[in-house]
Amino acid sequence: EENPGFKNVFIKPSICGDLTFASADYKSVYGKISSSWKIINGDLHLDVEIPANTTATVIVPGSNGKKELGSGNYNFTFEL
């Protein structure tokens, strides 16, 4: 199923090299989409903001699963 213009977004942090944090946001027609992550003591801390009337699919590195989210602010911690 296709979703037009940022109605559903994919968030998939790409952890590589010596990078220990990253952050990005985008102002879509529905509002701000943001994702930031940092590594602390071997754990990945991921913060996600999804605007109203939008859904997101979050795929975590090293995980076989994915999370389907509705609008809102989310904080996750995953063991790397």
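The paragraphs below walk through the two sheets of this predicted model and the side-chain contacts found around them.

A good place to start is the four-stranded sheet. It is open, its strands follow the order 2-3-4-7, and the pairing is antiparallel. Strand 2 and strand 7 are the edge strands, each pairing on one side only. From one strand to the next, the twist averages 10°.

Within this sheet, strand 2 and strand 3 make up a hairpin, with two residues between them. The two run antiparallel and are joined by eight bridges. For readers following along in the structure, A24 is a handy landmark, as this residue stands opposite S35 in strand 3. The next pairing, between strand 3 and strand 4, is also in the antiparallel sense and extends over seven bridges. Here K38 has H45 in strand 4 as its bridge partner. At the other edge of the sheet, strand 7 covers residues 72-79 and includes Y74. With a relative accessible area of 23%, Y74 is partly exposed, because values between 20% and 50% fall into that class. Y74 and A24 are 50 residues apart in sequence, and their C-alpha atoms lie 15 Å apart in space.

The structure holds one salt bridge. Its partners are K32 and E49, whose closest N and O atoms are 3.8 Å apart. K32 belongs to strand 3 (residues 31-40) and E49 to strand 4 (residues 43-50), so the salt bridge ties together parts that are 17 residues apart in sequence. Both partners can be seen from the outside to some degree: K32 is partly exposed at a relative accessible area of 35%, and E49 is partly exposed at 26%.

A nonpolar patch on the surface is also worth a look. F6, Y26, V29 and Y30 form this patch, and together they offer about 420 Å² of accessible area. Among them, Y26 sits in strand 2, which spans residues 21-28. Y26 is partly exposed, with a relative accessible area of 42%; this value passes the patch cut-off, because membership calls for over 30%.

The other sheet is built from three strands. It is open as well, with the strand order 1-5-6, and its pairing is mixed. Strand 1 (8-11) and strand 6 (66-69) take the edge positions; each has a single partner strand, so one side of each is left without a neighbour in the sheet. On average, neighbouring strands of this sheet are turned by 15° against each other, direction ignored. Strand 1 pairs with strand 5 (residues 55-59) in the parallel sense, over four bridges. In this pairing, I11 stands opposite V58 of strand 5.

Strand 5 also contains T57. T57 has a relative accessible area of 3% and is therefore buried, the limit for that class being under 20%. The side chain of T57 makes a polar contact of 2.8 Å with the side chain of E68. As background for viewing residues along any one strand, side chains in a regular strand alternate between the two faces of the sheet.

Definitions and conventions: Residues numbered from 1 in each chain as written. Predicted model: local features only at pLDDT ≥ 70, side-chain atom pairs only at ≥ 80, totals over all residues. Heavy atoms only, no water. Pairing = 2+ DSSP bridges. Axes fitted to C-alpha atoms, helices over the stretch in contact; angles between N-to-C directions. Patch = residues over 30% accessible without salt bridge, like charges linked within 9 Å, V, L, I, M, F, W, Y side chains within 5 Å. Areas by Shrake-Rupley, 256 points an atom, 1.4 Å probe, with all protein chains shown as cover. Salt bridge = Lys/Arg side-chain N within 4 Å of Asp/Glu carboxyl O. Buried < 20%, exposed > 50% of the residue type's maximum accessible area, 1.4 Å probe, protein only. Polar contact = N/O pair within 3.5 Å; in protein donor to acceptor, adjacent residues only side chain to side chain.
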